[in-house]
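Biologist: Please take one close look at how the side chains pack inside this model and how the strands around them pair. Give the cut-offs along with the values.

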Amino acid sequence: QVRLVESGGGSVQAGGSLRLSCAVSGHLNSRFSMGWFRRSPGKRREGLAVIDSTGSPTYTDSVKDRFTISQDNARTFLYLQMNNLKPEDTAMYYCAADYTIAGWLQIHESDQTTGYWGPGTQVTVSS
């Protein structure tokens, strides 16, 4: 049983930074990728970044120059460093884990019934 719990969200002024953490409990399959997603009211879930089992990251264009995904060597923590935050970054942020597959971000952006997901942490950016 894999359990994921996000932390590190909060309120910040535009231009500020936050670092989100995702704590992993249970056995995480060595073939799993892990990623970050967000969703705000009235909008679709958006995939932000994924890191595969080799440590290779992939970002969506909207955050690629501002956000950085990383994890510890034991894969017990996943992180998302968010810099130069904007009001449009306001959302609930989720971490997820699932088997590595081509198009991982897009697949999980559309389907939250597969893999493991945390309950989310709220990020609010004020102008």
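Modeller: Contact means that heavy atoms lie within 4.5 Å. This is a predicted model, so local features need pLDDT of at least 70 and side-chain atom pairs count only at pLDDT 80 or more, while totals for chains, interfaces and linings use all residues. Residues are numbered from 1 along each chain as its sequence is written, and side-chain values use heavy atoms, with hydrogens and water left out.

I start from Met82. Leaving out residues up to four places away in sequence, Met82 touches Gly16, Ser17, Leu18, Leu20, Arg66, Phe67, Tyr93 and Val123. A nonpolar core is a set of buried Ala, Val, Leu, Ile, Met, Phe, Trp, Tyr and Cys residues joined through side-chain atoms within 4.5 Å. Buried stands for under 20% relative accessible area, exposed for over 50%, and partly exposed for what is in between (1.4 Å probe, protein chains only). The largest nonpolar core has 27 residues, and Met82 is among the four that touch the most other members, together with Trp36, Leu80 and Tyr93. Strands S3 (18-25), S4 (32-39), S5 (46-51), S7 (67-71), S8 (77-82), S9 (91-99) and S11 (121-126) each supply at least two residues of this core. Strands (E, at least two residues) and helices (H or I, at least four) are DSSP runs, numbered from the N terminus. A second, separate core has seven residues, including Phe37, Tyr94, Ala96 and Trp104. In soluble globular proteins, nonpolar side chains tend to be buried together.

Next, the strand pairing. Two strands pair if DSSP finds at least two bridges between them. S1, S3, S8 and S7, in that order, form an open sheet with antiparallel pairing. Strand S1 (3-7) and S7 stand at the edges with a single partner strand each, so one side of each has no neighbour in the sheet. Ignoring direction, neighbouring strands of this sheet are turned by 15° against each other on average; the axes are lines fitted to C-alpha atoms, for helices over the stretch in contact, and angles run from 0 to 180 degrees between N-to-C directions.

At the S1 edge, five bridges pair S1 with S3 in the antiparallel sense. Ser7 has Ser21 in S3 as its bridge partner. Ser21 counts as buried, at 17% relative accessibility. Apart from neighbours within four places in sequence, Ser21 is in contact with Val5, Glu6, Ser7, Trp36, Leu78 and Tyr79.

At the S7 edge, S7 and S8 run antiparallel and are joined by five bridges. Here Phe67 stands opposite Met82 in S8. The two strands form a hairpin with five residues between them, and Arg75 in the turn has a positive phi of about 60°. In a regular strand the side chains alternate between the two faces of the sheet. Along S7, Phe67, Ile69 and Gln71 point to one face and are buried, whereas Thr68 and Ser70 point to the other and are not.

The aromatic rings come next. Rings of Phe, Tyr and Trp (its six-membered ring) pair if their centres lie within 6.5 Å; planes under 30 degrees apart count as stacked, over 60 as edge-to-face and the rest as tilted. This rule gives five aromatic pairs. One of them is the edge-to-face pair of Phe32 and Tyr99, at 4.7 Å centre to centre with 70° between the planes. Phe32 lies in strand S4 and Tyr99 in strand S9, so this pair ties together parts that are 67 residues apart in sequence. Phe32 is buried at 5% relative accessible area, while Tyr99 is partly exposed at 48%. The pair of Phe37 and Trp104 is tilted, with 5.9 Å between centres and 35° between planes. Phe37 is in strand S4 and Trp104 in helix H1 (residues 104-110), 67 residues apart; both residues are buried. Phe32, Tyr99 and Tyr116 form one aromatic cluster.

Two charges remain. A charge sits over a ring if NZ of Lys or CZ of Arg is within 6 Å of the ring centre and within 35 degrees of the ring normal. Arg19 lies over the face of Tyr79, 4.1 Å from the ring centre. The charged end of Arg45 sits over the ring of Trp117, at 5.6 Å from its centre.
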